[in-house]
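Let's work through a few exercises on how two chains can meet and how sheets and helices can be described. Have your viewer open and try each task before reading its solution.

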There are 2 protein chains.
Amino acid sequence: MTASLKTVDSTSSVSGLMQDIGRRARKAARALGLAPALQKEKALFAMAKAIRATSREILAANEDDVTEARAAGVTGSFLDRLTLDRKRVAAMAEGLEVVAELKDPVGEVISKWKRPNGMIIERVRTPIGVIGVIYESRPNVTADAGALCLKAGNAAILRGGSDSHRSSRAIHAAMVEGLRGARLPEDSIQLVPVRDRAAVGEMLSGLGGNIDVIVPRGGKSLVARVQEEARVPVFAHLEGICHVYIDKAAKPAMARDIVLNAKMRRTGVCGAAETLLIDIAADENIYKPAIQALLDAGCEVRGEDAVRAVDPRVRPASADDFGKEFLDAIIAVRFVEGVEGAMAHIARYGSQHTDAIVTQDKQAAARFLNEVDSAIVLHNASTQFADGGEFGFGAEIGIATGRMHARGPVGVEQLTSFKYRVRGSGQTRP
Amino acid sequence: MTASLKTVDSTSSVSGLMQDIGRRARKAARALGLAPALQKEKALFAMAKAIRATSREILAANEDDVTEARAAGVTGSFLDRLTLDRKRVAAMAEGLEVVAELKDPVGEVISKWKRPNGMIIERVRTPIGVIGVIYESRPNVTADAGALCLKAGNAAILRGGSDSHRSSRAIHAAMVEGLRGARLPEDSIQLVPVRDRAAVGEMLSGLGGNIDVIVPRGGKSLVARVQEEARVPVFAHLEGICHVYIDKAAKPAMARDIVLNAKMRRTGVCGAAETLLIDIAADENIYKPAIQALLDAGCEVRGEDAVRAVDPRVRPASADDFGKEFLDAIIAVRFVEGVEGAMAHIARYGSQHTDAIVTQDKQAAARFLNEVDSAIVLHNASTQFADGGEFGFGAEIGIATGRMHARGPVGVEQLTSFKYRVRGSGQTRP
């Protein structure tokens, strides 16, 4: 399957096309908001089935994308993210089934209370409306993001990376087949059919009030552009500059295991630790195993003189190394003056994403957990737990570091809004 | 007391001044976020005391404001809202005490769960950060809004109407005295000291990331400007076009009482009904008492021919009368085809604020409550209950019709964000 993209003559016709997509999404969202849980579940299972049934077409489309990307000189992790194989397509279908089986958040009564005049007030979850997802060349996001939006009763407008447009179109076709099978509006999940960058600009402007929130999925430059230009709320994090702090009251083996996992389990994820802070009052036997384990695992450790004294393999750190998201097997290490010093460092260099303390001192832990102003703060656990799945949300569309509405892992529940339902028996206000 | 306003030479110095206010607010917010409940409570009580102790100065400042406004030809409700008297000043102090006694939302564990690996995850309320409040010449907002922000651990930047600047300054002085008394940063509640409109523009741009949310308090044109220009989230409603729908299964006396209250209790509030919808299948005796009660109470009733047939005092309605916020003793009335017709009308003309159904038919009520997409939907109760106090929130900073973060009455709880606190015992991610 080689999908052809619409060619659009001018910016104004991209604008017209996008405005139309917005209107259709809003209309679909109204229907979706009232769709019973079972109907959405059915659609998601039907999508999984369609993905499996068309996996040959999906893989063929992907091969064309990969060939084109290779010809353009694309290599490395970008090419890896773009490339699908049988296993990845199967995982995509399974992912849809996982979302299908999640609890439907819409209609859930979040809280309920009775007023002295007898009125009963309920706070009830409702969909947000229309969610715009802007992503790079990771074709599986077409399935993942579309499914999560749908589960929460939202219409989705998906704008995938242009390098993966054939793959995304093939996956999207399967999603639409699932929608059709469950008699949900086909416009519930729309894929932007043009490659023009102007389409992104249109989405960031909110499509005349027809996009309620934007979720960017991709590298820092994409997120930065979205955060800078969007006229609608954005669920995202720009950087994950995550810290692990080893307190003087840490257990050496626990500190070692947590630091090693936080940095090295996967170095390219946003929850990977980028800086290790060590209590200056700690004995060397508390933190030395952590530093040596990192070095032994092939991690480049960069530190100031005091850190270099611990092991000759430690390289000198520059001032730039602190507050830097390496996304690689590199870590910056610094001694700080206890919890206070660690918190001051994090306040200055952190990105309000995820930070951890390792200590047996409950008071130190309590201070850290209360005072560090990050979406996720952990005590005696790895920063790599920063993930919707690990939180028990079933799946996530991303991690947010903003303070409004959604923060931390953004799962199905975070893709909802709410309203108040009031039941009276003739009450009037005095 | 005649407060003098700083005169600022150029737009660039307004900008510099505002940026500085933003930085100081952020710094205060960091301290406030960690302030114990008792300290904030103490500050609020001290503010109430200071308001009472300086009521003479507040009233003198207000007299100067009123004199100037009168000289400029200001009259009517604007002048009324601007004018303070002993009773209003006392009410302001009492309002501060009410907020002081509210439950502190910061630190509240919203939910808590254990993961299979033993980690305990808590979702905990935190302050949002810095809240910008832009209001018109209602001096009491200086006290109300400042207090609510503080209670939720937020720093506030208040920009009051220029006609009330002397009154606001005098009230603000008392607030600062309260902060000082409780040893909280004086910058926790700042009043913008310049009258330039450019200050508002600076706030709407977010002061370099130092304003997290803007709350406009005032008429439609202020809210429209804020919604149009703000680069940060806004908690607001543009209009309250509230509907009451009398179903064929309504009790006549209940319908009459609710409609009369919804329209006439106070006509200038956002929760006042602006349109009455009547089930075309209803007997005349079900809705006639409501229409007559409105007319007898001096309300102008505007309706199409079928409505005019009910009572000769009904005036003809124009198409413009539907979807119009009269904020006056005027109501538009229309017959609709049952719940379905009422919901279609509300979807087209409503403002997603507050809408009510009057019926004894549980199914009709359930449909209306589930399907009407407004922040507040009521069954057998007056739309005038759209109010944080009436919801049991203690106080509100306003009502929001957006779908993100805060919706409906915005009380202390809605002025908070959250974070995740994770407690482990050495867990690493597989």
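**Exercise 1. How many residues does each chain give to the contact, and which elements of chain A supply them?**

Start with the count: chain A contributes 49 residues and chain B contributes 49 residues, where two residues are in contact if their C-beta atoms, placed from the backbone, lie within 7 Å. Before going on, note that this is a predicted model, in which local features need pLDDT of at least 70 and side-chain atom pairs count only at pLDDT 80 or more, while totals for chains, interfaces and linings use all residues. Residues are numbered from 1 along each chain as its sequence is written, and chains are lettered from A and ligands numbered from 1 in the order in which they are written.

Next, list the elements of chain A that each supply at least two residues: helix H10 (252–264), helix H14 (362–371), strand S13 (376–381), helix H15 (388–391) and strand S16 (416–427). Helices (H or I, at least four residues) and strands (E, at least two) are DSSP runs, numbered from the N terminus. S16(A) gives the most, with 11 residues.

Finally, sort the side of chain A by character: 21 residues are nonpolar, 16 polar and 12 charged. Here Ala, Val, Leu, Ile, Met, Phe, Trp, Tyr, Cys and Pro count as nonpolar, Asp, Glu, Lys and Arg as charged, and the others, Gly among them, as polar.

**Exercise 2. Find the operation that superposes chain A on chain B.**

A rotation of 180° with 0.0 Å of shift along its axis does it, with an RMSD of 0.1 Å; the fit is by least squares on the C-alpha atoms of residues with pLDDT of at least 70 in both copies. This is the relation of a two-fold axis. To locate the axis in chain A, go to A:His405, whose C-alpha is the nearest to it at 2.1 Å. Now check the surfaces: 100% of the interface residues of chain A are also interface residues in chain B, so the copies meet through the same surface.

**Exercise 3. Trace the open sheet of 10 strands.**

Write down the order: S1(A)-S2(A)-S16(A)-S13(B)-S12(B)-S7(B)-S8(B)-S11(B)-S9(B)-S10(B), with mixed pairing. Two strands pair if DSSP finds at least two bridges between them. The edges are strand S1 (109–114) of chain A and strand S10 (315–316) of chain B, each pairing on one side only.

Then look at one pair inside chain A. Strand S2 (residues 120–127) runs antiparallel to S16(A) over 8 bridges, and A:Thr126 has A:Ser417 as its bridge partner.

For a pair that links the chains, take S13(A) and strand S16 (residues 416–427) of chain B, which are parallel and joined by 5 bridges. A:Val377 stands opposite B:Arg421 there.

**Exercise 4. Describe how helix H5 (residues 86–101) and helix H6 (residues 140–151) of chain A are arranged.**

Their axes come within 10 Å and cross at roughly 5°; axes are lines fitted to C-alpha atoms, for helices over the stretch in contact, and angles run from 0 to 180 degrees between N-to-C directions. That makes H5(A) roughly parallel to H6(A), a label for angles under 35 degrees. Among the residues making the contact are A:Met92 and A:Leu96 of H5(A) and A:Ala147 and A:Leu148 of H6(A). By character, the contact residues comprise 6 nonpolar, 2 polar and 3 charged.

Notes
Parallel < 35°, antiparallel > 145°, perpendicular 65-115°, else oblique.
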